[in-house]
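I opened this notebook page to record what I looked up in the structure, going from the whole chain to single residues.

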Amino acid sequence: MPKAPPSLPAARLDRDASTPLWRQLAADLRDRSDAGEFTGGFPGELALGVQYSVSRHTVREALRQLRADGVISTGRGRRPRLAAPDPVIAQPTGMAYSLFSSVEACGLVQTSVVRVLTVRADGVIAPRLGLEESTPLVHLERLRLADGRPLALDRVWLPASIGEPLLDVDFRRTSLYEELARTGIPVTGGQETVRAVVPSRAEHDALGLRPPSAVFSVDAELLERGEAVLLDVREPQEWAAGHAPQAEHLPLGLLTPEAVPRDRPVVAVCRSGNRSGKAADALAAAGVRVHNLTGGMQAWAQAGLPVVTDDGKPGAVA
């Protein structure tokens with residue numbers, strides 16, 4: 001059978017590669033979306049199956065990943081569509097923020113109602129942690145109270161290999177970070193993304209809010225000090241202008257899975273988060289535990305974190 005011309009979507013999938021077709025499809029759709037191809041509407045499942053000559057299952061797996069990444073939104077019986085961009089404040093934190101400590105420092109008593117504490121698998125959360133979809137996770141959900149008044153809904157996901165010692169902890173009045181430190185895993189930094197959202201009806205009820213109310217949603221990816229490799233994938237001239245002091249440099253064009261460590265998580269960073277997002281997708285497809293630093297070096301610098309040149313002098317984000 002003659003091969004499809006390279007311009008056709010089906011020709012962009014390598015059926016002999018070790019990367020699953022659905023991952024290749026998701027990556028190609030992301031590229032097409034970034035290039036502005038779908039401003040007139042996102043193709044449906046059947047159209048994508050025809051375009052790429054793949055099964056409906058492959059299409060659904062790709063769409064599920066794009067939905068988890070916030071690229072598209074879908075619903076039962078509804079055609080996929082590009083997700084509306086959310087106003088986001090992204091801050092790479094220099095140290096872990098503890099709600100427990102902050103509430104107690106204000107002279108209030110912080111307690112929690114533990115709603116869920118269990119081990120389960122989640123096919124959406126696990127890939128965000130750089131794990132296989134079937135990886136067991138410890139899931140902790142708490143209603144946080146300040147002097148008995150609802151303050152926040154707290155949902156925590158940890159690899160079971162790290163979180164299992166926490167299953168016997170009484171979380172009604174303690175800090176997650178303190179309990180992790182007791183198990184030998186001190187959390188000292190990470191990445192926070194803050195969004196304004198409208199909570200679900202159940203969340204309204206739990207927080208004692210009158211609908212419709214707006215709240216802040218904070219997604220935090222936390223890392224142990226020294227655990228992760230910060231990998232800067234920008235071009236040499238960008239790196240020379242300024243970079244994070246602890247970063248390692250490997251331009252995107254030279255990046256291969258074999259060039260990065262497998263014994264520690266990798267945090268990919270570029271100027272704004274777009275190129276490093278593609279790098280993270282490629283590394284994740286090769287089995288690397290990888291995160292993308294949302295907002296890139298721009299957000300890093302805006303958070304007041306150091307940017308230096310190779311000789312240790314103050315640098316700038318180019």
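The entries below follow the order in which I looked things up.

**Entry 1: the whole chain.** I noted at the outset that I am working from a predicted model. I counted 11 helices and 12 strands in the protein, and I found that 40% of its 318 residues count as buried. For the surface, I wrote down an exposed area of about 17400 Å², of which carbon and sulfur atoms supply 53%. I also looked at how contacts are distributed along the sequence: among those with a separation of 6 or more, 59% are between residues 24 or more positions apart.

**Entry 2: the antiparallel sheet.** I then went to an open sheet of three strands, which stand in the order β4-β5-β6 with antiparallel pairing. Which strands stand at its edges? They are β4 (110-120) and β6 (149-159), and because each has a single partner strand, one side of each is left without a neighbour in the sheet. Ignoring direction, I found neighbouring strands here turned by 15 degrees against each other on average.

I followed the pairing residue by residue. Between β4 and β5 (residues 137-146) there are 10 bridges, and Val113 has Leu143 in β5 as its bridge partner. β5 and β6 are likewise joined antiparallel, over 10 bridges, and here Arg142 is matched with Asp154 in β6. These two strands, β5 and β6, make a hairpin with two residues between them, and in the turn I found Asp147 with a positive phi of about 50 degrees.

**Entry 3: helices α1 and α3.** I checked the helix lengths next. With its 14 residues, α1 reaches 20 Å from its first C-alpha to its last, close to the 20 Å expected at 1.5 Å a residue. For α3, I compared the 18 Å that its 13 residues should span at 1.5 Å a residue with the 18 Å between its end C-alpha atoms, and the two agree. After each helix I found a glycine with positive phi: Gly36 follows α1, with a phi near 85 degrees, and Gly70 comes just after α3, with a phi of about 80 degrees.

I then asked which residues of α1 are buried. They are Trp22, Gln24, Leu25, Ala26, Asp28, Leu29, Arg30, Arg32 and Ser33, and what covers them includes α2, α3, β2 (78-82) and α10. In α3, the buried residues are Thr58, Val59, Glu61, Ala62, Leu63, Arg64, Gln65 and Leu66.

**Entry 4: the nonpolar cores.** I kept in mind that, in soluble globular proteins, nonpolar side chains tend to be buried together. The largest nonpolar core here has 15 residues, and those with the most contacts inside it are Leu25, Leu29, Phe42, Leu48, Tyr52, Leu63 and Leu66. I found that α1 (21-34), α2 (45-52) and α3 (56-68) each supply at least two residues of this core, with the largest share, four residues, coming from α3. A second, separate core has 12 residues, including Leu250, Val260, Leu283 and Val288.

I picked one residue of the largest core for a closer look: apart from its neighbours within four places in sequence, Leu25 is in contact with Leu13, Tyr52, Val54, Thr58, Val59 and Ala62.

**Entry 5: the parallel sheet and Leu250.** I turned last to an open sheet of four strands, ordered β10-β9-β11-β12, in which the pairing is parallel. Its edges are formed by β10 (248-249) and β12 (290-292), each with a single partner strand, so one side of each is left without a neighbour in the sheet. Two bridges join β9 (residues 229-232) to β10, running parallel, and I noted His249 in β10 as the bridge partner of Asp232. Helix α10 (residues 274-285) lies across β11 (266-269) and β12, and runs at about 165 degrees to β12.

Is Leu250, which lies in the loop between β10 and β11, buried or exposed? Leu250 counts as buried because its relative accessibility is 18%, which falls under the 20% cut-off. Not counting residues up to four places away in sequence, Leu250 touches Leu231, Asp232, Val233, Leu255 and Ala259. I also noted the C-alpha to C-alpha distance from Leu250 to Ala268, which is 10.0 Å for a separation of 18 residues in sequence.

Notes
Residues are numbered from 1 along each chain as its sequence is written. This is a predicted model: local features need pLDDT of at least 70, side-chain atom pairs count only at pLDDT 80 or more; totals for chains, interfaces and linings use all residues. Side-chain values use heavy atoms; hydrogens and water are left out. Two strands pair if DSSP finds at least two bridges between them. Contact means heavy atoms within 4.5 Å. Axes are lines fitted to C-alpha atoms, for helices over the stretch in contact, and angles run from 0 to 180 degrees between N-to-C directions. Buried means under 20% relative accessible area, exposed over 50%, partly exposed in between (1.4 Å probe, protein chains only). Accessible areas come from the Shrake-Rupley method with a 1.4 Å probe; for residues, only the protein chains shown count as cover. A nonpolar core is a set of buried Ala, Val, Leu, Ile, Met, Phe, Trp, Tyr and Cys residues joined through side-chain atoms within 4.5 Å. The expected span of a helix is 1.5 Å times one less than its number of residues.
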